[in-house]
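Q: I'd like a close look at one part of this protein, with the charged pairs as the way in. Could you walk me through it?

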Amino acid sequence: MQPDDVLNAAIEGVLPNEEGALALADFADTKALAEVASTLRDRGFLNVVTYSRKVFIPLTHLCRDVCHYCTFAQTPRNLDTPYLSLDHVLDVAREGAALGCKEALFTLGEKPELRYRAAREWLAEHGYGTTLEYLRDAAAAVLEETGLLPHLNPGNMTPQEVAELRPVAPSMGIMLESASERLTEKGMPHYGSPDKVPAVRLHTLHDAGAARVPMTTGILIGIGETRRERIESLLAIRGVQEAHGNIQEIIVQNFRAKPGTKMHAAPEPDLEDLLWTIAVARILFGADMSVQAPPNLSPGVLPRIVDAGINDWGGVSPLTPDFVNPEAPWPHLAELERETAQAGKHLHERLTVYPAYALDAERWLDAGLRSRVLDRIDGEGLPRTDGWSPGEELDPPEETLERIRRAPAAVSPDVEDILARARAGGDLDEAAIVRLIRARGDDFSAVVQAADALRVETSGDVVSYVVNRNINYTNICYFKCQFCAFSKGKLAENLRGRPYDLSHEEIQRRTREAWERGGTEVCMQGGIHPEYTGQTYVDIVEAVKEAVPEMHVHAFSPLEVWQGAATSNLSLTDYLQGLKDAGLGTLPGTAAEILDDEVRAVICPDKINTAQWLEVMEAAHSVGFQTTATIMYGHVDQPRHWARHLMRIRALQQRTGGFTEFVPLPFVHMEAPMYLKGKARRGPTFREAILVHSVARLALHPHITNIQASWVKMGHEGVVAALNAGCNDLGGTLMNESITRAAGAAHGQETSPRRMRALIESADRKPRQRTTDYRDVEPEIAERGMRAGDLLEIVNTPARKYERTRKHELVRNP
C-alpha cells in the first residue's frame, strides 16, 4: 500500500490498517500529512482547541524506576519528605480552585515503597501499605473539600487497584511512551526500569478499559526510537481503544534534554519531527480522537502544531509548574489563546474527563462522580466557564455579550456555507443545525449576527409583547415529569407551595383584574388533575368568557387536550372544536419539552410522546386554531435533540402554517427533581441559550417569523441580548408567574408594560404591544396597562381530597 492511498482513504474516514500505517514510516512529506490531519481534526473538533485548567500535585517524587531522561524522580536524601502531606495537598488544591482550576493532576513515581525504606516507613506511619492507597485518600479529600476533579497518573496498576481508584477520579493516565522492547535493553533509556516494559503498561491500559476508566496515554518521541517504532506504539494504543473504547486522548510529547540526567547531551527531536508524528497520530486515530501536544515544550511555534492536527494543549496551570519538565514554564493563558487564534482556532477549557465520556457518564464514571461532572458541563460535555444559569439573578457573562457584538475575524468555511443556505430559505438538515448550535468563538459571532440580520429582514426593528395574565388553575398532577417543581402529587409534597385547585370564582376574579390592568389575554395551563375531564377544560373557558367576553383565552397544552379528548371519548378534532365553540382562542405549544423520544423517556416517560404532541397540534391547526411552539432545553439533552426538535416543528409548520411563534424555554434547574437527584445539568449556558434562539431563527426561516425570548427564564439583561441575536418578541407581561418560580427562578412574577417598553428601547428597538394573534392593541386598552397599579393578593383555592372520587381511568403514555 502506498502512502498516497493511505492518505486518500483517511480523508474518506477509513483508518489505515497495520500495513498502511507502517507505510507512512518512510513518508517524509510532513506538509501532506498535516493537510490530511488538520482536515480530520476540523471534522471532529470544528474550530475548537481545548485545554484543562489544572493544579499539579506531585504526591511523591520517589520512584523505583531509573529512566535516563527523567528529573522528576528523586532519591529520599534529596527530599524533605517522601510524600506531600494531606494538608499540603489540600492547600495547593484550594489555591488552585480559587484561581479557577477544575482539575487536580496527581503525578507520582512508580511504586517507590518497593525500593525505598523511607517510603515504606512514611506510609506505615500514616496508616498505608502502598502509595496508591494514599493516592486514593488524597484524591478523595481533594474531591470532597475543594471540588476539583482528580486526574491520576498512578503508573501501572492491578485490576483491584484500578477498581479502588475509580470512585475518586473521573479519569486516569499512563504514558505508554514506546512499545519498543529495544528501549529497555542495556544502554537504552528504559533499561533498569521494570515499569516501562511495554507489555506491562499496555496491560494496565487494557485493565483500565475493562473497568471503564477513561485514560490518557501517548508516546514520548526522541528517546532513541525510530519512526516505525512510533507507529507501532500508536497501533498498540489503538488496539486498546478498539478493545475497550477508553482512550480519551493521545499525547505526543517531545523529549527535552535535562542537565543531570544520562541523556543530557542527547539530541532533541526537531520541529519537523514533532509535526510529522502529530500528523501521523491523527491519521491513525481519525477525526474523533483527541490528540494533544504540551504547549510549554514547543514555545513560539504553537500555530504550526495546531496546523499539524492537534485539538488539545493538555493541562495548563496558573499556579504550579510542570514538575516533569520544570525547565519549561506554562504559557500564560492569554498568550496561549492568542497563538491558538493565530491558527484560526478558538481556545476553550475542558474537564479532565473528555466530553464524550462526560456525556456517557452512566458507562464511564463511577456513580459517585456522575452528578459532580454533570453539574459542571454544557450540552457538549465541555465545562461551564461562568456562573450564569437560567432563572438566577446573575448578569449574563460579558465574554458572550461581547461576542454577540464582535465582528467575526475567522469563520469556519462550513459555517459560512450553512448560513448562506439559511439566508436563502433552504431547509437545514440535522447535521447543519447541530453544527450551528456547536458554534464557538468567531463561529458563534457569525451565527448570532446572521440570525439577527434575518430578524431585520423579516421583522424590522419592532419588538412585540402582549399584556397577559398567567392563570395556573391547579398544581395537582398525576404525571411524573422529572423537570417539574410546580406540580403536586403524592410524591411531590416536599416541593414549593401547597396543593390547590382554583375555583371558577377565583379564575374569574383574576380575569377581570387582568382586563382592568390592560390585559388582552389569559394564558391558562395547569397540572393534569386526576379528577379533571374534558368537560373541566370547557367549563374553565366558559368561566373566563362569562367574566370578560372580550378576553382572549390562550390555554391548554397538547397534554391537556389529549387528556381532555380521551376522558370525553371524543376524537382530537371533535374535542378541539368543542373548546373552540366554548371560546378558546389559541393554544400554547407547551408540553413539547424536547420532541425526541430518546429524551422524553428520561424526563417525562408517562407523558404524551413526540408523535402524539405533533398529532394534537396538527389537529388544532386543522380546526382553525393558531398555536405557539416551545422547546425546553438544557437538562439531559444534547444539540442533536435540539436539531430534531426544530426540524419536526418546521415540518409541521410547512404542512399547516399554524404556529405563530417559536419560544425557547431554557431549563431552570434549582428546584427541579431531576437536578436535585443529580440527573440533570444546571440548564443551558448563556452561550447555548443565545444560540438556541439564533439557530431557531435560521432553521425555521422563512416558515416561522416570530422568535420569542422569555424574560422569566433569561432575565431582563438576557432577553435584551437575545433581541440582538435574532429575537423579535418578548412574550407576555404575565402578572402571575408560578411554574418557573416554583423551579427556583428569581426574575419575578410580572414585567409591566412600562418596563417591557424600556427593555426594548434599551436595545435600540421599537416596542409594540400586540394581541395574542399579533394584531395591534386598541390605544385605550394599552393606556390602561400603562396606568395599572399593584395586583391584589391571589387566592389559591385549597385542593380537596380526590383520590377516591375519580370516575375515569387515568390517561398515561404506556
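Which residue forms a salt bridge with Arg 435, and how far apart are the closest N and O atoms?

A: Keep in mind that this is a predicted model. The partner of Arg 435 is Asp 443, and the closest N and O atoms of this salt bridge are 2.9 Å apart. As background, side chains of opposite charge can pair when their charged atoms come close. Now, where do these two sit? Buried means under 20% relative accessible area. Arg 435 has 7% relative accessibility, so it counts as buried. Asp 443 comes out at 0%, so it is buried too.

That pair has company: a search of the whole structure turns up 53 salt bridges. One of them joins Asp 637 and Arg 681, at 3.3 Å from N to O. This pair ties together distant parts of the chain, 44 residues apart. Asp 637 lies in the loop between strand 15 and helix 26, while Arg 681 lies in the loop between helix 27 (673-676) and helix 28 (686-700). Asp 637 has a relative accessibility of 0%, so it counts as buried. Arg 681, with a relative accessible area of 2%, is buried as well. Then there's a whole network: Glu 430, Asp 596, Glu 598, Arg 640, Arg 644 and Arg 648 are joined by salt bridges that share partners.

For one more pair, look at Lys 111 and Glu 110, whose salt bridge has its closest N and O atoms 4.0 Å apart. Glu 110 has 6% relative accessibility, so this residue counts as buried.

Let's go back to the loop that holds Asp 637, and see what's around it. Strand 15 (residues 626-633), helix 26 (residues 639-656) and strand 16 build a right-handed β-α-β unit. The two strands of that unit, strand 15 and strand 16, pair in the parallel sense over 7 bridges. To find one of these bridges, start at Met 632 and look for its partner in strand 16, Leu 665. And how well covered is strand 16 (residues 659-666)? 8 of its 8 residues are buried, so strand 16 is largely enclosed by the rest of the structure.

So here's the picture to take away: Asp 637 sits in the loop between strand 15 and helix 26, and those two elements belong to the β-α-β unit together with strand 16. From that loop, the salt bridge of Asp 637 reaches over to Arg 681.

Conventions: Residues numbered from 1 in each chain as written. Predicted model: local features only at pLDDT ≥ 70, side-chain atom pairs only at ≥ 80, totals over all residues. Heavy atoms only, no water. Buried < 20%, exposed > 50% of the residue type's maximum accessible area, 1.4 Å probe, protein only. Helix = DSSP H or I, 4+ residues; strand = E, 2+ residues; numbered from the N terminus. Pairing = 2+ DSSP bridges. Right-handed = clockwise from strand over helix to strand, strands pointing away. Salt bridge = Lys/Arg side-chain N within 4 Å of Asp/Glu carboxyl O.
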